[in-house]
Amino acid sequence: MRLVNFKGVSFLHNKKTVGIDVTPLRPMDFYNVPMKVKNISESEPVVNIGDEVKEGTLIGKPSGNFGLNIYSPVSGRVLNIFDKITSDGGYCKHILIMNDGKNEIQDLPDIGSVSDVTLIQRLKQAGIIDGLSNLPSYLKYSYTGSRSYKTLFILMDSTDPINSVNETLAEFKMEEVVNGAKYFMNITNAPYVTFVFTEENADLAKKLKKHISETKKNYDFKIKFIPFKYPFDNQYILTKLLTGKSVSKKTSFLELGITIETAESCYNFCRAVEFNKPVTRKIVTIDGDNVIRKGNYSIQNGVSFENLIDFVGIPNKEAQMKIIDGSLLKGKAEYNMDISISLTTNTILFLEFNEYAETGEFNCISCGKCSDVCPMFLDPKRIEGAFLDGDTNELEHLKINSCIECGCCSYVCPSKRFLTQRIIDAKYYGRIKNGGK
Ligand code: SF4
Ligand code: SF4
């Protein structure tokens, strides 16, 4: 993996959802909880149709090596278990739960003594998801060798132009974030925590310093800043930027002794350890000119887009609009309002008709902008060509697996080529034979 200098896309820092605390979504009548968080992370139902559950009842457990514990987001009755489409276009089992209005809650058992072993168990038990890879967090720490990290970074905000989940939690749930960081320090045996902020958030960093000093936290920490340039908060780029080291097929994060967590993972970890709360909700940034109440929402796992629209308010549901699942650079249009919001949803944009172009693609004009901007020094135009030709050898030769799916190439392409989407399709779904033709 080659990172000689740092490419990417610059934006003005103009996030519209910062400075407002997280709003919990109101209870819904029905939840359709997906049993998958990422393509390789599937879980299997452990409840049956007709079962009564509480908010926090375990309803799914890992199937295979990468699965996640999944908990009911509501107290109610299991109405159905069936295959259904997910936001990434695949299918997985969903558990349909009807809210019974009783608001019964089932917490995790008390953790007992806090040690690196019990903390890793709690990470797994609570169903915490890594904020960067979107895989279950415990996977990073479940190897049996010595866990002795030299460097633990906690990402406190995002260089994404829209998403503000981490900075919102860092500001309004600072105590939980700081305590969660301490638990990650226990797991990793890192000598200190490095909190990473973008330069735009220097004031928040000052607040953090003050908070740690006033609450007399008993641990060493440092603060580092990165430029507000997308996608500098990607784990590979951040590592190179802050340590000068590259992660590659030969040298993993583990071998480099570096691990990166986010404010949201720390928040969830603290709640799991101190309040015995499993993860049943996801904090999601809602933005766009076609939504009335922009902000960060705590959304229960399995809420449909349709229900979300009713809550956040769309001025005119009949008007032409586009809903983007994901942020400006790597989101994808969502057309099925019955799809569930899951524990890996980060940003949802409601765009007005004039905020997006419905022009489709034009022919590549070989301008080279896509490769100029690619932070991984790939050639997206040639990768797309190999995808369309179904040429797997060429895809490998062009190092398709080094793509970090940042979306920069599609964003700058004047011909509006679907570069990132095709690369993702080729990487994960093997949709390369005559793909897109
Ligand atoms: S090829 Fe991948 S890493 Fe490069 S700009 Fe496109 S999405 Fe980002
Ligand atoms: S940016 Fe678009 S038009 Fe330019 S070379 Fe890349 S794919 Fe072709």
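**Exercise 1. A serine in a loop**

Ser366 lies in the loop between strand 20 (347–352) and helix 10 (369–373); work out what is odd about its phi and whether Ser366 is buried or exposed. Keep in mind throughout that this is a predicted model.

*Solution.*
- Step 1: start with the general expectation, which is that most residues other than glycine have a negative phi.
- Step 2: check the angle. Ser366 has a phi of about 55 degrees, which is positive although Ser366 is not a glycine.
- Step 3: count neighbours. There are 8 C-beta neighbours inside 10 Å of Ser366, and the cut-off for exposed is 12 or fewer. Ser366 therefore counts as exposed.

**Exercise 2. Another loop residue with an unusual phi**

Place Glu405 in the chain, then give its phi and its burial class.

*Solution.*
- Step 1: Glu405 is in the loop between helix 12 (392–397) and helix 13.
- Step 2: the phi of Glu405 is near 60 degrees, a positive value in a residue other than glycine.
- Step 3: Glu405 has 15 other C-beta atoms within 10 Å, so it comes out as partly exposed.

**Exercise 3. A peptide bond to look at**

What is the form of the peptide bond from Tyr230 to Pro231, and where does Pro231 sit?

*Solution.*
- Step 1: as a rule, most peptide bonds are trans.
- Step 2: here omega is near 0 degrees, and the bond from Tyr230 to Pro231 is cis.
- Step 3: Pro231 belongs to the loop between strand 14 (229–230) and helix 6 (235–243).

**Exercise 4. Two ligand shells**

Which residues come closest to ligand 1 and to ligand 2, and how do the shells divide by class?

*Solution.*
- Step 1: ligand 1 has 15 residues around it, and the closest are Cys374, Cys403, Cys406, Cys408 and Cys409.
- Step 2: two elements give two or more residues to that shell, namely helix 13 (408–412) and helix 14 (419–429). Helix 14 gives the most, with three residues.
- Step 3: sorted by class, the shell around ligand 1 holds twelve nonpolar, two polar and one charged residues.
- Step 4: now ligand 2. It has 13 residues around it, with Cys364, Cys367, Lys369, Cys370 and Cys413 nearest. Seven residues of this shell are nonpolar, three polar and three charged.

**Exercise 5. Strand 17 and its neighbours**

Trace the sheet that contains strand 17, then say how strand 17 pairs with strand 16 and with strand 2.

*Solution.*
- Step 1: the sheet is open, with six strands in the order 2-17-16-20-18-19 and mixed pairing. Its edges are strand 2 (23–24) and strand 19 (332–334), each pairing on one side only.
- Step 2: strand 16 (residues 281–287) and strand 17 (residues 295–300) run antiparallel and are joined by six bridges. Ile286 faces Gly295 of strand 17, and Val284 faces Tyr297.
- Step 3: strand 2 runs parallel to strand 17, with two bridges between them. Thr23 has Tyr297 as its bridge partner in strand 17.
- Step 4: check burial. Five of the six residues of strand 17 are buried, so the strand is mostly covered.
- Step 5: zoom in on Gly295. With 20 other C-beta atoms within 10 Å, it is buried. Leaving out residues up to four places away in sequence, Gly295 touches Thr17, Ile20, Thr23 and Ile286.

**Exercise 6. The buried face of helix 1**

Which residues of helix 1 (residues 116–125) are buried, how are they arranged around the axis, and what covers them?

*Solution.*
- Step 1: the buried residues are Leu119, Arg122 and Leu123.
- Step 2: looking down the axis of helix 1, its buried residues fall within an arc of 105 degrees, so they line one face.
- Step 3: that spacing makes sense, because residues three or four places apart in an α-helix point the same way.
- Step 4: the cover over these residues includes helix 2 (138–141), helix 4 and helix 8 (263–274).
- Step 5: just after the helix comes Gly127, with a positive phi near 70 degrees.

**Exercise 7. The core**

How many residues make up the largest nonpolar core, and which have the most contacts inside it?

*Solution.*
- Step 1: the largest nonpolar core has 103 residues, and the best connected inside it are Ile154, Val177, Ala263, Cys266 and Phe269.
- Step 2: helix 4 (residues 174–188) supplies the largest share, eight residues.
- Step 3: follow Ala263 outward. Beyond residues up to four places away in sequence, it touches Ile154, Leu155, Met156, Asn166, Leu169, Ala170 and Val177.

Key. Residues numbered from 1 in each chain as written. Chains lettered and ligands numbered in written order. Predicted model: local features only at pLDDT ≥ 70, side-chain atom pairs only at ≥ 80, totals over all residues. Near = placed C-beta within 6 Å. Helix = DSSP H or I, 4+ residues; strand = E, 2+ residues; numbered from the N terminus. Nonpolar A, V, L, I, M, F, W, Y, C, P; charged D, E, K, R; others polar. Pairing = 2+ DSSP bridges. Core = buried A, V, L, I, M, F, W, Y, C linked by C-beta atoms within 7 Å. Contact = placed C-beta atoms within 7 Å. Arc of directions from axis to C-beta.
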